[in-house]
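Let's take a stroll through a protein model together. Keep the picture open while you read, and look up each spot as we get to it.

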Amino acid sequence: MMHLFAQPTLEATLNDTFDLYDDTIPLVHLDRVGPNFATMVASHVVVGFVLSPLELIRTRLVVQANSPAHRKYSGLFNCLTTIIAEEGVSALWGGVNLVPTLVYHILTPLFTNSIPLVIDRVFNINSADSPFLYNFAELALNTLDLLIRLPVETVRKRLQLQIQAKIPGKRYETVVETRKRPYVGMIDAIYRIIHEEGGLNKRLSKKTKENESAWYSNWKVRGLYTGLGMHLTTNMAMFVIGAVTNLQDEGDDW
């Protein structure tokens, strides 16, 4: 909620400072999108960085053990004070979480807002003239966006769960299995996930392994794409809904 308010406010301030077009005008309608695109991405990065402690706290609270006896944090404020006491204030913004936070908040607005531009100016597809092609191009680019951003989000969540306490406190128990040895950074996390979790599940039968043909299993990146099937299903469902809606609109015109 804070991000939804702070980001547009900062973007509008930057646009006024540099005497740019109103940020309420869609980028696809601008002749020169570069300056407005830069202020939009910059506002997302700044606000995302400032509010990143709240994302860190949310992740820790969601993933911690359900049993009150095993919970490390009793609530938002307790989680904040405990992190500061055990890991230092720098753990809220810096450390291993800094790079993935910046990368994530750069890629998110970059892909989300560039998709309509690419469809309109690179593919030359207009939503009014070719609604089906437009929806198909949108599906393809959203899938590409997912394939790029999902590993970053996965690594970011993994690193947020790491507790590198300077002053040891109560053990942090989670509802999901976590790595015993901490990752030393974003690149190390990607390498370790591919090396340790890539490929097929060792517990699967030999027959099941032979029948498994998922590309992310064969390419050893399975661990980076947790939840990929659900996201792809959502994208496909939105495409089908859009296609059906366009067919109904064309039927009404007749």
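## A first crossing to look at

Let's begin with how two helices meet: H1 and H2 cross in a right-handed way. Keep in mind as you go that this is a predicted model. The residues that make the contact on the H1 side are His3, Ala6, Gln7, Leu10, Glu11, Leu14 and Asn15. On the H2 side, the list runs Asn36, Thr39, Met40, Ala42, Ser43, His44, Val46, Val47 and Gly48. Sort the residues of this contact by class and you get seven nonpolar, eight polar and one charged.

What about the geometry? H1 covers residues 2–17 and H2 covers residues 34–50. Their axes come within 9 Å and cross at roughly 140°. H1 is therefore oblique to H2, because only angles over 145 degrees count as roughly antiparallel.

## The whole chain

Now zoom out. How many helices and strands does the chain have? There are 11 helices and zero strands. Read along the sequence, then, the pattern is simply α-α-α-α-α-α-α-α-α-α-α.

The chain has 254 residues, and 36% of them are buried. Its accessible surface comes to about 15700 Å², and carbon and sulfur atoms account for 62% of that. How about contacts that bridge the sequence? Take the contacts between residues at least 6 apart in sequence: 70% of these join residues at least 24 apart.

## H3 and its two partners

H3 (residues 52–63) shows up in two of our helix pairs, so to speak, and H2 is one partner. The axes of H2 and H3 come within 4 Å and cross at roughly 55°. That makes H2 oblique to H3. Here Gly48, Phe49 and Val50 of H2 meet Ser52, Pro53 and Glu55 of H3. By class, this contact has three nonpolar, two polar and one charged residues.

The other partner is H7. H3 and H7 pack with their axes 9 Å apart, at an angle of about 75°. Angles of 65 to 115 degrees count as roughly perpendicular, so H3 and H7 are roughly perpendicular to each other. From H3, the contact uses Glu55, Leu56, Arg58, Thr59 and Arg60; from H7, Arg156, Lys157 and Gln160 take part. The class count for this pair is one nonpolar, two polar and five charged residues.

## Buried spots and one in between

Go back to H2 and find Val41, which sits in that helix. Is Val41 buried or exposed? Its relative accessibility is 14%, so Val41 counts as buried, since the cut-off for buried is under 20%. Leaving aside neighbours within four places in sequence, Val41 is in contact with Ile106 and Pro109. You can also check a distance: Val41 and Gln7 are 34 residues apart along the chain, and their C-alpha atoms are separated by 9.6 Å.

Next is Asn135, in helix H7 (residues 131–160). Asn135 is buried too, with a relative accessible area of 16%. Which residues does Asn135 touch, leaving aside those within four places in sequence? They are Phe239, Gly242, Ala243 and Asn246.

Asn113, in helix H6, falls in between. With a relative accessibility of 26%, Asn113 counts as partly exposed. Not counting residues up to four places away in sequence, Asn113 touches Leu27, Phe37 and Met40. Take Phe37 as an example: Asn113 and Phe37 are 76 residues apart in sequence, and their C-alpha atoms are 8.3 Å apart in space.

## Two loop residues with a positive phi

Finally, have a look at a couple of loops. Asp19 lies in the loop between H1 and H2. What is the phi of Asp19? The value is near 55°, which is positive even though the residue is not a glycine. Asp19 has 70% relative accessibility and so counts as exposed.

Asn124 is in the loop between H6 (98–122) and H7. Asn124 has a positive phi of about 55°, and Asn124 is not a glycine. At 62% relative accessibility, Asn124 counts as exposed, because exposed means over 50%.

Key: Residues are numbered from 1 along each chain as its sequence is written. This is a predicted model: local features need pLDDT of at least 70, side-chain atom pairs count only at pLDDT 80 or more; totals for chains, interfaces and linings use all residues. Side-chain values use heavy atoms; hydrogens and water are left out. Buried means under 20% relative accessible area, exposed over 50%, partly exposed in between (1.4 Å probe, protein chains only). Contact means heavy atoms within 4.5 Å. Axes are lines fitted to C-alpha atoms, for helices over the stretch in contact, and angles run from 0 to 180 degrees between N-to-C directions. Angles under 35 degrees count as roughly parallel, over 145 as roughly antiparallel, 65 to 115 as roughly perpendicular and the rest as oblique. A crossing is left-handed if the near helix is turned anticlockwise from the far one by less than a right angle, and right-handed if clockwise. Ala, Val, Leu, Ile, Met, Phe, Trp, Tyr, Cys and Pro count as nonpolar, Asp, Glu, Lys and Arg as charged, and the others, Gly among them, as polar. Accessible areas come from the Shrake-Rupley method with a 1.4 Å probe; for residues, only the protein chains shown count as cover.
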